[in-house]
Amino acid sequence: MKIRVLVCLAALMFALPAKLVGQTLSGKVVSSTGQPLTGATITVMPEKITRPSGVNGTFRFEAVKKGRHSLRISFVGFKTVASSFIMSSDSLLLKDIILRAEEGQLQEITIKEDYQQLRRQQVSLSMDIVGADYLRRNLGGSLMQSLEKLSGIKTIGIGSGGSKPLIRGLGFNQVVVVENGIRHEGQQWGADHALEIDQFAAGRVEVIKGPSAFLYGSEAIGGAIDIKPAALPAAHTAGGSADLTAKSNNGLYGGSVNLYARKQRVFADSRMTWQEYGDYGVPADTIFVYDYAVPLHENRLRNTTGQERNVHLRTGWLTSQFQSVFYLSQTFSQSGFFANAHGLEPRRVDLDLHDRSSRDRQLPSQQVSHTKIISQNEFRYGQNRFDLELGYQRNFRQEHSRYVNHGYMPPVYPSEQSAPQTLEREYDKTVFSANIKNELVYKNHTLTIGASGEQQHNTIGGWGFLIPAFTQTSAGAFVFDKLKVSEKLLLQAALRYDLGRISIREYKDWFTSQSENGNSTYLTRAEAITRTFKNVNWSAGLNYTPGAFFLKFNAGSGFRMPIAKELAANGVNYHYFRYEKGDPSLSAEKSYQLDLGTGINAEKFTVALTPFLNYFPSYIYLNPTARHDYFYGAGNQVFNYAQSRVLRYGSELQLSYRFLNNWNASLAGEYLYTRQLSGAKRGYALPFSPPASALAGMTYEPNWERLLTDAYFTLDCRLTARQNRIVPPERPTPAYQIFSFSAGGKVKTGAQYISVSLQVQNALNTRYLSHTSFYRLIGLPEAGRNVILAVKIPFFIKGKSTS
């Protein structure tokens, strides 16, 4: 039935006559090097109709009268071009319009607010777009923490340097993260497993809220975070930049250095990032780990120090019709776990050893390296485009801890074991990915046809066990059509088919246990399992923008196959002091969602309201039971993976008002309601459901030209309500208010501008609990006051700088 409805809708869309839009004028704006220019201003005379160029530099005008007209095309940093044409037929495709750089200007693509507005008009789902300047102003411990000011975005944080995203309360494998066109794959199933992403390498980030499977594949059931690279270097230039940063709370210092060079068609770009940090501080001197009092030396969480080392290389060949870019990157990090909240017996922690220094790293700790090789290829022919993306990833993660026996484990670690005594767990995942996409423009239709495939192979090691090794293969194909009915109305429809298979290897203990009949045997912890899942997802929506007012609507479905942990986990999660047990009979997780977006974008005032309704007929969650495991879990409570029907709804509200030319007031609020409609926890909420909150801000932007340009001063207040809707063993979290301050601008030194930004996070050193924090279950407050200084210093070897 669902397929029939979508087919009928698509048929109606294609059946609409092109005469609805009258004579059509279209073309593309590019630089002298063939690079598409997004956001160029195109004006048709004498009608004085103005439109910005699209993402690929393309533009389109409808209802153009027959006869002689002229075009005026302008773009920041480029010479304005004027040309004439004669409209003598129903459609006219102009040759590519080439803009040349002004004297002393770099031929760089400038991403402006016009692009953000245009991109939002092209997507019927709710989305936010931020650039590198935004990330620098709101620099956090990770890229995901730098995005937390966006409404509907939260993080599951572990310490000061690691976190993973939540979009409207959904996270883990329900949110897809894409970097340079390839889906990022690590050990994202674990709350303590941070994403291996270097935020200094991000040029632009697009956050899509709601089911996005038709573009990003299965697992984008809650949304997607699409990380775009920095703009390509301008032709015949060479240079770079140095980003320096320091943070007071954990004594972080580090930076990122970028070098680039480009001739006409060939370019090379590199980046190296390094950071060192110590134990981070909280506004508390004692916490209670399950009723056991833990004193904090100098208010710091012992053993949360770490370091990060990242390398990125990018090179490619660029022409007006063909572009091929090759990426090679490796991120490497080492960090400690809070010593009093890890393992089976936190009371055995050697406090004297850990408290000697706030920057030494002891056990327990982890180290993660993530390697990526990506090839992005784009071929343009007319207004059409063909894309091919290939990717390879390897994620290698090790968790180190002192050996602790439980159950039938030997009291002394055997010397003949191949794994080192301190290697608790090891995960080694290799991933091969391929995406192919063809975008076709015909009259008022933009049709995209594509397919994607991925294979994951994950092996395990160490003396501890939680999930087994597995191989997972997935593939999908989709068709997506945009129908531009008029300049004010855009209709969209998509259909996608996904097929996936997961094969889980059998796992037996490396030590013998006593069976029920009294014999000693190597017990099987995970059975060999092979499961196949398939599903059809659909999406349909519209964008209506008659002027300052806008209206968006989207309805769609989502699908996610269960992961290895949900199907076959059988061990202790030491970070949560619980025993987790998978269910091999789980069905795929499915979702249906309605999204609405409406508001006004006026010159001085903007308002946007984005309510949504989400229904899961088979939501997968971890259900606490009354049982305790004494063989492998040392008496820890058993949690089983289960499924239930779930209802979710909520909304985001964003307000902004500019007054007195230099002042801007803003308010961003969000609300989420979750309820389980069936299962053992019927009537309860979902875990990690963020409470209602609002971010109120006031910004002053003076018109200073001599000392500091583009200056800003911002005061923020985060208001968060009490969260009483929980699911045991969660506890309610009280309401809180925190204040933050930021300031910055650009200082001119010679021919270049140095960007400086200063933040004071949690300015009043408020003690509060975040409901989405990894350590919230043990009542550990969030980080205290943190002063962050970030400086960006550009330099030019060849070419002249611009502001």
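**Figure 1. Cavities in the predicted model.** This is a predicted model, and the count comes to 17 cavities of 30 Å³ or more. The close-up is on the second largest cavity, with a volume of about 600 Å³. Its lining takes in 34 residues, and the closest to the centre are Phe 172, Arg 578, Leu 622, Pro 687 and Phe 688.

**Figure 2. What lines the second largest cavity.** Which strand gives the most to this lining? That would be strand 39, with 5 residues. Strand 12 (170–171), helix 7 (564–568), strand 37 (578–581), strand 39 (605–629) and strand 40 (636–659) each put in at least two residues. Sort the lining by residue type and you get 20 nonpolar, 6 polar and 8 charged.

**Figure 3. A nonpolar patch on the surface.** Here Val 266, Trp 317, Phe 322, Phe 379, Phe 386 and Ile 436 come together as a nonpolar patch, with about 500 Å² of accessible area between them. One of these residues, Ile 436, sits in strand 26 (residues 423–442). Ile 436 counts as partly exposed because its relative accessible area is 38%.

**Figure 4. Lys 508 and Tyr 522.** Lys 508 belongs to strand 30 (residues 507–508). Its relative accessible area is 45%, so Lys 508 is partly exposed. Follow the chain and Tyr 522 is 14 residues apart from Lys 508, yet their C-alpha atoms are separated by 6.0 Å.

**Figure 5. Salt bridges between Lys 228 and Asp 226, and between Glu 399 and Arg 397**. The model has 33 salt bridges by the rule used here. In one of them, the side chains of Lys 228 and Asp 226 meet at 3.0 Å, N to O. Buried or partly exposed: which is Lys 228? Lys 228 is partly exposed, at 24% relative accessible area, while Asp 226 is buried at 5%. In the other pair, the closest N and O atoms of Glu 399 and Arg 397 are 3.1 Å apart. Glu 399 and Arg 397 are both buried.

**Figure 6. A salt bridge between two strands, Glu 589 with Arg 560**. The closest N and O atoms of this pair are 2.9 Å apart. Glu 589 lies in strand 38 (residues 589–601) and Arg 560 in strand 35 (residues 549–560), so the salt bridge ties together parts that are 29 residues apart in sequence. Both Glu 589 and Arg 560 are buried.

**Figure 7. A network of salt bridges.** Which residues are linked in this network? They are Asp 128, Arg 168, Lys 209, Asp 595 and Glu 652.

How values were computed: Residues are numbered from 1 along each chain as its sequence is written. This is a predicted model: local features need pLDDT of at least 70, side-chain atom pairs count only at pLDDT 80 or more; totals for chains, interfaces and linings use all residues. Side-chain values use heavy atoms; hydrogens and water are left out. On a 1 Å grid over the protein atoms alone, a cavity is a set of points where a 1.4 Å probe fits but cannot get out, and a pocket is an open set with protein on both sides within 12 Å along at least five of seven lines; lining residues have an atom within 4 Å of a point. Grid points are joined across faces, edges and corners, and a volume is the space filled by probe spheres set on the points. Helices (H or I, at least four residues) and strands (E, at least two) are DSSP runs, numbered from the N terminus. Ala, Val, Leu, Ile, Met, Phe, Trp, Tyr, Cys and Pro count as nonpolar, Asp, Glu, Lys and Arg as charged, and the others, Gly among them, as polar. Patches are made of residues with over 30% relative accessible area and no salt bridge: like charges are joined within 9 Å, nonpolar side chains (Val, Leu, Ile, Met, Phe, Trp, Tyr) within 5 Å. Accessible areas come from the Shrake-Rupley method with a 1.4 Å probe; for residues, only the protein chains shown count as cover. A salt bridge is a side-chain nitrogen of Lys or Arg within 4 Å of a carboxyl oxygen of Asp or Glu. Buried means under 20% relative accessible area, exposed over 50%, partly exposed in between (1.4 Å probe, protein chains only).
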